[in-house]
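The report below starts from a single side chain and widens to the core and the strands around that residue.

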Amino acid sequence: MAAALLLCAAPIASAAPGAAEGRPSAHGGAPLYISDYADNTVLRLPPGGGDPVTVAASGLTRPTGMALDTSGDLYIADTGNNRVVRVPGDGGPQVTVDTTGLSRPIGLALNADGDLYIADSFNDRVVKIPADGSGQVTVPTDGLLHPNGLALDGTGNLYVADFVNDRVVKVPADGGPQTTVPFTGLSQPTGLAFDRRGDLFVSDSGNDRVVRLPADGGPQRVVPATGLNSPYGLAFGPAGALYIADFNNDRVVEVPVRGGQRTVPVAGLHTPAGLAVPPGREGY
């Protein structure tokens, strides 16, 4: 269960990596970043495929959520160490983000101004680190219990996977009241992502599925991905393909726009958790 991840006690033993289904996956013109929770590493898959490269992040323990800024800097939720680190895209030294009192941070999101949002899971809150250096603030939310994945829509509204409460909430950018997003039947939601149409996708980890809520108000739909086991992070590639961190199956699944399903050919994954694609190159 995905709850094991929240407790930083997910099993290390895993099944053999799945073979690719169909032809090898290609990521178009953008790299795909994968946090390997059990191996305490982050991998970078080159654009178009190829062998993964380990990102030069040091001292990680149970990395989960990730976000990339416009300069190529990678932010990583170093969950087991109760911190967030930044790995500069220019090869500079790793930096610990200036935060206060984090406990099991998981989801990350960056807005257009470069402000960083962190799901501070065991403190049942979301915090914001402004890009202007003015210092950490707590985002006004109500009743969160172990928040997990985060996502921002095109107008800056913040969406939070409220893991224990089996819901997704929306925090308006204009300071309006929090609302519950009209998903039905969620169990332990984790990863969140928007596609280019503004449809919201959520990893419904307790139900071993990913569901989509159309932006036009249409009914909730289940993404046609089979065999998932506690899906976690989500990301969209530049061609609109959905990538799913299939946590307990030790693989990343690609669901192309045209249909079908493939396992991304990455050997040796052990409980992949977070996924990230550079901004402007994702499907949204």
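Leaving aside neighbours within four places in sequence, Val-252 is in contact (heavy atoms within 4.5 Å) with Leu-32, Ile-34, Tyr-243, Ile-244, Arg-262, Thr-263, Val-264, Leu-269, Pro-272 and Leu-275. This is a predicted model, in which local features need pLDDT of at least 70 and side-chain atom pairs count only at pLDDT 80 or more, while totals for chains, interfaces and linings use all residues. Residues are numbered from 1 along each chain as its sequence is written, and side-chain values use heavy atoms, with hydrogens and water left out.

The largest nonpolar core (buried Ala, Val, Leu, Ile, Met, Phe, Trp, Tyr and Cys residues joined through side-chain atoms within 4.5 Å, where buried means under 20% relative accessible area with a 1.4 Å probe, protein chains only) has 20 residues, of which Leu-32, Ile-34, Tyr-243, Val-252, Val-266 and Leu-275 touch the most other members. At least two residues of this core come from each of the strands S1 (32-36), S2 (41-45), S20 (231-236), S21 (242-246) and S24 (272-276), strands being DSSP runs of E, at least two residues long, numbered from the N terminus. Apart from this core lies another, of 13 residues, including Tyr-159, Val-181, Phe-194 and Leu-213.

S1 and S2 run antiparallel and are joined by five bridges, with Tyr-33 opposite Arg-44 in S2.

The UniProt annotation "repeat: NHL", from an unreviewed entry, covers two spans.

| Span | Helix | Strand | End C-alpha separation |
|---|---|---|---|
| residues 140-174 | 0% | 46% | 12 Å |
| residues 179-216 | 0% | 47% | 17 Å |

Technical notes
Buried means under 20% relative accessible area, exposed over 50%, partly exposed in between (1.4 Å probe, protein chains only). Helices (H or I, at least four residues) and strands (E, at least two) are DSSP runs, numbered from the N terminus. Two strands pair if DSSP finds at least two bridges between them. UniProt positions are given in the numbering used here, feature names are shortened, and annotations may be inferred rather than shown by experiment.
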